[in-house]
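The following account leads the reader through the fold, beginning with the sheet and moving outward to the cores and a pair of helices.

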Amino acid sequence: MIEQIQFQLKSVRLSGMAEHLQVRLQEAKANDLPYDTFLQNLLDDELSRRRDRLLDRRMKQARFPYLRSIDEFDFNFNPTINKRTVKELATTAFITRHENVLFIGPPGVGKTHFSVAFGIEAIQNGYSVYYRSVFDMAQDLYDDPEKTMMTKYLKPHLLILDELGMKSLPAKAAEALLEVIHRRYQQHSTIIATNRPIEDWGKILGDTAATSAVLDRFLELVNIMKITGPSYRLRNIKKGEMNIGKKELEKGSKTN
């Protein structure tokens, strides 16, 4: 009988209930639980399974380059970063308000780490996310004259565009970026991470008029984080150089 019920539950796509049915029956008998409590526990199992599947699916769809959390960031390495601001943005309340986020700073200071971490928090809070470098976005839309790819950039609650200014962009990149920003304007949120100041964007995109239009919309409701300081990725190299220098000094003192 149990096996038949489990089969029927799976046939109507209630696999969470089917998987936990045996355990919930034993729990109900052992604790003399009322029928409504038994049923509620089974429903909770099904809802939990569906939430987990949704999270897994959205994590895959996001296409993050790696997974990082806010807790994994070493704020002690760069104490100039405003931890309170980071924590506030990590609540993803800015997505509810359809605001944007702009990270500006040299390579290695945490722009991608924070972008990915905010994206993961957004998914856990029920939002959809899509991550791409600006170069890849421009190439995607350039290679797709029918613009079927455009939906992937317009639909997510949070779009993360990374590495603006890191590479030369293909022709009409400014137009592609403008269309994305324009159609997401006051509808969804966008994070842009760049190592170049705003005044250089016209040179990067190769179209001053289009860049002005992009900035006008993107910067209307934006949270700007300017990050300065040393590269976290190069910390081990610097430590190695210090150790080598220390050994050379010790060797020189012994020789003398």
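Two strands are taken to pair if DSSP finds at least two bridges between them. In this predicted model, 5 strands satisfy that criterion and form an open sheet, arranged in the order β2-β3-β4-β1-β5 with parallel pairing. Strands β2 (129-133) and β5 (222-226) form the edges, each pairing on one side only. From one strand to the next, the twist averages 10°.

Within the sheet, β2 and β3 are joined in the parallel sense over 5 bridges, and V129 stands opposite L158 of β3. Strand β3 (residues 158-164) also pairs with β4 (residues 189-194), in the parallel sense and over 5 bridges. There, L164 has T194 of β4 as its bridge partner.

Is the edge strand β2 enclosed or open to the surroundings? Because 5 of the 5 residues of β2 are buried, the strand is largely enclosed by the rest of the structure. In a regular strand, side chains alternate between the two faces of the sheet. Both faces of β2 are covered: V129, Y131 and S133 are buried on one side, and Y130 and R132 are buried on the other. Helix α7 (residues 134-142) lies across β2 and β3 and runs at about 95° to β2.

The sheet also contributes to the largest nonpolar core, which has 30 residues. Strands β1 (100-104), β2, β3 and β4 each supply at least two of its members, as do helices α4 (83-90), α5 (93-96) and α6 (111-124). The largest share, 7 residues, comes from α6. Within this core, F64, F103, F114 and F118 touch the most other members. Neighbours within four places in sequence aside, F118 is in contact with I70, V86, L89, A90, T92, F103, L158 and I191. Apart from this core lies another, of 28 residues, including Y153, A173, A176 and V180.

Attention now turns to two helices earlier in the chain. The axes of α2 (residues 15-31) and α3 (residues 35-62) come within 9 Å and cross at roughly 145°, and the crossing is right-handed. On the α2 side, the contact is made by S15, G16, M17, E19, H20, L21, R24, L25, E27 and A28; α3 contributes F38, N41, L42, L43, D45, E46, R49 and R53. By class, this contact comprises 7 nonpolar, 4 polar and 7 charged residues.

Methods. Residues numbered from 1 in each chain as written. Predicted model: local features only at pLDDT ≥ 70, side-chain atom pairs only at ≥ 80, totals over all residues. Heavy atoms only, no water. Axes fitted to C-alpha atoms, helices over the stretch in contact; angles between N-to-C directions. Helix = DSSP H or I, 4+ residues; strand = E, 2+ residues; numbered from the N terminus. Left-handed = near helix turned anticlockwise from the far one by under 90°. Contact = heavy atoms within 4.5 Å. Nonpolar A, V, L, I, M, F, W, Y, C, P; charged D, E, K, R; others polar. Core = buried A, V, L, I, M, F, W, Y, C linked by side-chain atoms within 4.5 Å. Buried < 20%, exposed > 50% of the residue type's maximum accessible area, 1.4 Å probe, protein only.
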